[in-house]
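Q: I would like a careful look at one charged side chain in this model, followed outward to its surroundings. Please state the criteria behind each term as you go.

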Amino acid sequence: MKIISMIPARYSASRFPGKLMQDLHGKTVIFRTYEATVATGLFDDVIVVTDSDLIFNEIERNGGKVMMSQKEHASGSDRIAEAVGQLDIDVVVNVQGDEPFTDTQSLSKLIEVFKEDDKKEVDLASLMVHIEDEKEINNPNTVKVVIDQSNFALYFSRSPIPYPRDKEVDVKYYKHKGVYAFRKQALLDFSRLPMMTLEASEKLEQLRYLEYGKRIKMVETDVQGVEIDTPEDLERAKKLWK
């Protein structure tokens with residue numbers, strides 16, 4: 001089974017433009033993420049896919065592998081789908097470019113899902129973290145996921161799900177971490193399918209997979225890390241890096 005990692009890297013970001021080129025203790029955020037992914041030793045190849053000359057030159061100058069995305073894309077999945085179309089691979093793992101604390105244990109768990117999936121029932125796999133803080137549960141920037149007994153995703157939402165109507169029920173809330181492992185065909189299918197209402201409403205690309213009947217296996221991890229979405233996140237990352 002050939003498994004590679006691709007890191008979609010847009011320069012523009014609504015909340016923190018240019019965040020991937022920010023300095024994180026002597027290296028840019030995107031190159032820190034690339035290095036961390038390579039260092040896991042889990043992949044046959046690691047490639048950054050970008051629409052930015054700045055990011056392309058940054059990775060190439062530092063000896064990394066990078067591809068230029070030729071089209072405008074609405075999501076990271078679309079950007080990766082363009083890149084993998086001509087590659088001879090089985091599974092591609094999407095690591096977000098703003099996650100320099102990507103860890104080996106979590107990615108290894110994702111890959112294991114496909115190695116154990118003899119019947120090929122899993123189209124893609126992703127990570128989730130148990131959360132208890134009420135502010136985080138109610139924060140629309142924290143995407144929540146609910147699962148069935150086999151850890152397949154039932155729904156993702158920016159709202160608290162399930163809604164705690166009965167306060168006596170012991171509900172566990174899970175935060176979705178935007179790290180995915182795809183079968184190549186599932187990724188190619190995604191890029192050809194039009195957006196439907198759930199994805200359009202919540203602005204969550206993973207809902208497109210569910211709306212078209214794809215199966216997403218969720219893997220629990222206890223590694224929170226830091227996703228750099230704001231300047232404040234970058235300061236937290238700098239402190240954590242020390």
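Is Arg-79 buried or exposed, and what is its relative accessible area?

A: Arg-79 is buried, with a relative accessible area of 2%, where buried means under 20%, exposed means over 50% and partly exposed covers what lies in between, computed with a 1.4 Å probe on protein chains only. The structure is a predicted model, in which local features need pLDDT of at least 70 and side-chain atom pairs count only at pLDDT 80 or more, while totals for chains, interfaces and linings use all residues. Residues are numbered from 1 along each chain as its sequence is written, and side-chain values use heavy atoms, with hydrogens and water left out.

The side chain of Arg-79 meets that of Asp-51 in a salt bridge, with an N to O distance of 3.9 Å; the term requires a side-chain nitrogen of Lys or Arg within 4 Å of a carboxyl oxygen of Asp or Glu. Because Arg-79 lies in helix 3 and Asp-51 in the loop between strand 4 (45-50) and helix 2 (53-61), the pair ties together parts that are 28 residues apart in sequence. Helices (H or I, at least four residues) and strands (E, at least two) are DSSP runs numbered from the N terminus. Whereas Arg-79 is buried, its partner Asp-51 counts as partly exposed, at 29% relative accessibility. In general, side chains of opposite charge can pair when their charged atoms come close.

The helix that carries Arg-79 also packs against another one. The axes of helix 3 (residues 76-84) and helix 6 (residues 184-192) come within 9 Å and cross at roughly 115°, the axes being lines fitted to C-alpha atoms, for helices over the stretch in contact, with angles that run from 0 to 180 degrees between N-to-C directions. On the helix 3 side, Ser-77, Asp-78, Ile-80, Ala-81 and Val-84 take part, and they meet Lys-184, Leu-187, Leu-188, Phe-190 and Ser-191 of helix 6, contact being defined as heavy atoms within 4.5 Å. By class, this contact between helix 3 and helix 6 has six nonpolar, two polar and two charged residues, where Ala, Val, Leu, Ile, Met, Phe, Trp, Tyr, Cys and Pro count as nonpolar, Asp, Glu, Lys and Arg as charged, and the others, Gly among them, as polar.

The pairing of Arg-79 can be set beside other salt bridges, for which the count comes to 15. Lys-27 and Glu-35 meet through their side chains at an N to O distance of 2.7 Å; Lys-27 is partly exposed, with a relative accessible area of 32%, and Glu-35 is likewise partly exposed, at 28%. Another salt bridge joins Glu-136 and Lys-175, whose closest N and O atoms are 3.4 Å apart. This pair links distant parts of the chain, with Glu-136 in helix 5 (residues 134-138) and Lys-175 in strand 10 (residues 173-183), 39 residues apart. Lys-175 is buried, with a relative accessible area of 15%. Beyond such pairs, Lys-19, Asp-98 and Asp-229 are linked in a network of salt bridges.

The nonpolar interior completes the setting. The largest nonpolar core has 36 residues, and those with the most contacts inside it are Ile-30, Val-48, Val-93 and Leu-110; such a core is a set of buried Ala, Val, Leu, Ile, Met, Phe, Trp, Tyr and Cys residues joined through side-chain atoms within 4.5 Å. Helix 4 supplies the largest share of this core, five residues. A second, separate core of 27 residues includes Ile-4, Ile-89, Phe-156 and Leu-187, and Leu-187 is also one of the helix 6 residues in contact with helix 3. Not counting residues up to four places away in sequence, Val-48 touches several others, among them Ile-7, Ile-30, Ile-55 and Lys-65.
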